[in-house]
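Reader: I would like to see how the labels on a structure are earned. Can we go through a few?

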Amino acid sequence: FSTLSPQEQQAIIDASVVEEAEAELVNEIRDDPGSAALLHQSALALPSLVQQVGTGDGFVYRLHPLLAGYAQTRLTLVPTQREALQRRASDWFWRNQRYPDAIRLARRCRSPEELLSMLAELPILEIFLDMGASELRAILKEVASEHIDGTPRLQLARALVQFKAGFHQEAEQMLARIHERLQATASGDGG
């Protein structure tokens, strides 16, 4: 690692906030269009520590677990930098409809209110129709139970996943509980 230039070292440290860094993603994370080139140079210099998979613009970079651990430890020394990198990565994943990754990172770097705001914008029906129940299941796996339990849209998504998986009775029970809560809320509001 010490044989790399300081810029290449920093690119590796910054890229360690994600498990796999695509060229476009690492450029976004670092807010520098030359970041992927730095990782490419690092992969050539340290092929056993920086794995480069793909061709052309389709490269994905993976750090060896020992190097990733070292880089993440270095990044913890500057928490504000780590948070900024995670936010940019989360935003990139969100824009590219890679919602489980976006939510996983958002849990680390965003306040509960910001996370709930993100979840409110989640296009649940479109995800289900375009990507299937497995993608919806992967998303819900990244969301804390208290957020799901406090959000009827996410509760409905969980019921839909259960129904699609063949757990019809459990899905119907979930729907009944959602209906009861909504009715209790409506009657408590006076209408």
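Reader: Which residue just after α8 takes a positive phi?

Author: That residue is G132, with a phi of about 95 degrees. Keep in mind that this is a predicted model.

Reader: What makes I124, I127 and F128 of α8 count as buried?

Author: Buried means under 20% relative accessible area. I124, I127 and F128, in helix α8 (residues 124-131), carry that label.

Reader: How do you know that they lie on the same side of α8?

Author: Look at the arc around the axis. The three cover only 95 degrees, so they share one side of α8. In general, an α-helix has 3.6 residues a turn, so residues three or four places apart point the same way.

Reader: What do the buried residues of α8 pack against?

Author: They pack against α6 (99-109), α9 (133-142) and α11 (152-164).

Reader: Which residues are exposed on the other side of α8?

Author: L125, L129 and D130 are. Exposed takes over 50% relative accessible area.

Reader: Now the sheet. What makes β2 and β3 a pair?

Author: A pair needs at least two bridges. Four bridges join β2 to β3 (residues 60-63), and the two strands run antiparallel. One bridge partner in β3 is Y61, which goes with Q52.

Reader: Why are β1 and β2 said to stand at the edges?

Author: The sheet is open, with three strands in the order β1-β3-β2. β1 (20-22) and β2 (50-53) each have a single partner strand, so one side of each has no neighbour in the sheet. From one strand to the next, the twist averages 25 degrees.

Note on methods
Residues are numbered from 1 along each chain as its sequence is written. This is a predicted model: local features need pLDDT of at least 70, side-chain atom pairs count only at pLDDT 80 or more; totals for chains, interfaces and linings use all residues. Side-chain values use heavy atoms; hydrogens and water are left out. Axes are lines fitted to C-alpha atoms, for helices over the stretch in contact, and angles run from 0 to 180 degrees between N-to-C directions. Buried means under 20% relative accessible area, exposed over 50%, partly exposed in between (1.4 Å probe, protein chains only). The arc is that of the directions from the helix axis to the C-beta atoms. Contact means heavy atoms within 4.5 Å.
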